[in-house]
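Thanks for sharing this one with me. Here are my notes, point by point, to read alongside the coordinates.

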Amino acid sequence: MFYKRRQFWHGDTKQQYNITMTTDDKLKQIWAGCLNNERKQEELFYKTLAPRMMAVCMRYAHDRDEAQDILQEGFIKAFKNRQYYRGEGSLEGWVRRIMVHAAISRYRKTKPVVLCDEMSTETFSGTYNYDGLETQDLMRIIRQLPDTYRSVFNMYAIEGYSHQEIGSALGMSELLSRTTLCRARTILKNKLTRLNKAEVYRMAM
């Protein structure tokens, strides 16, 4: 968590108070201007959160262009529904959920939900280890998952949604959500295993 130190002056006497302001406190101050439709505050809010929200969108998108589209749609929805944030909980978390919903909404418009039984998966064998794996490499592997698998994995393992919530969002049963997550994990384990084997082979050359 980032903090900002502020100084206050009282009368002719210099008095310094160390007051910590969390990132979310700062965002809420900016958001107050957004509630009044202040364009500069809206731009500042976007610039402050865009890099972090882009990382969220990239987990659901096929490429950066699609992630950028999801990002724009998400911020449009956030500003359009600004009155629904009542100051309870993390403001950044509220925007994050909007980004996830924007990604899922886009997915449902362009892709029908693919049943797990319609897709072949590999049987996992061996061990896997992602210690030392760069974050961008892990995200790249996750983006290689089929659309339904990627969405379920991201919503459950990263965003913390329940299978009931995932099923409702994606139009599938809770059981199918659980099965899809299991298959997604199997695919990821296989990919990580192959990646580790390739790295061992490279180091042995």
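1. A cut-off to start with: a residue counts as buried when its relative accessible area is under 20%. Ile 104 has a relative accessible area of 4%, so Ile 104 is buried. Please keep in mind throughout that this is a predicted model.

2. Where does Ile 104 lie? Its place is in helix α4. Setting aside neighbours within four places in sequence, Ile 104 is in contact with Tyr 60, Ser 151, Met 155, Ala 169 and Leu 170. You may also like to look at Thr 148: from C-alpha to C-alpha, Ile 104 and Thr 148 are 9.8 Å apart in space, and they are 44 residues apart in sequence.

3. Now for the overall picture. The protein has eight helices and two strands, and along the sequence they follow the pattern β-β-α-α-α-α-α-α-α-α. Of its 205 residues, 36% count as buried. Among contacts with a separation of 6 or more, 65% come from residues 24 or more positions apart.

4. The packing of α2 on α3 is worth a look. The axes of helix α2 (residues 39-60) and helix α3 (residues 64-80) come within 9 Å, crossing at roughly 135 degrees. That angle makes α2 oblique to α3, because angles over 115 degrees count as roughly antiparallel only when they are over 145. The crossing of the two helices is right-handed.

5. Which residues of α2 and α3 meet? On the α2 side they include Phe 45, Tyr 46, Leu 49, Met 53 and Cys 57, and on the α3 side they include Arg 64, Ile 70, Leu 71, Phe 75 and Phe 79. The residues of this contact divide into 13 nonpolar, two polar and two charged.

6. The aromatic rings deserve their own point. How many aromatic pairs does a search of the whole structure find? The search finds seven. In one pair, the ring centres of Trp 31 and Trp 94 are 5.7 Å apart with their planes at 70 degrees, so the pair is edge-to-face. Trp 31 lies in helix α1 (residues 23-35) and Trp 94 in helix α4 (residues 91-110), so this pair ties together parts that are 63 residues apart in sequence. Both Trp 31 and Trp 94 are buried.

7. Finally, the ring pairs can be followed further. They link Trp 31, Phe 45, Tyr 46, Phe 75, Phe 79, Tyr 85 and Trp 94 into a cluster. Among these, Phe 45 and Tyr 46 in α2 and Phe 75 and Phe 79 in α3 also belong to the helix contact of point 5.

Terms used: Residues numbered from 1 in each chain as written. Predicted model: local features only at pLDDT ≥ 70, side-chain atom pairs only at ≥ 80, totals over all residues. Heavy atoms only, no water. Axes fitted to C-alpha atoms, helices over the stretch in contact; angles between N-to-C directions. Helix = DSSP H or I, 4+ residues; strand = E, 2+ residues; numbered from the N terminus. Parallel < 35°, antiparallel > 145°, perpendicular 65-115°, else oblique. Left-handed = near helix turned anticlockwise from the far one by under 90°. Contact = heavy atoms within 4.5 Å. Nonpolar A, V, L, I, M, F, W, Y, C, P; charged D, E, K, R; others polar. Phe/Tyr/Trp six-rings, centres within 6.5 Å; stacked < 30°, edge-to-face > 60°. Buried < 20%, exposed > 50% of the residue type's maximum accessible area, 1.4 Å probe, protein only.
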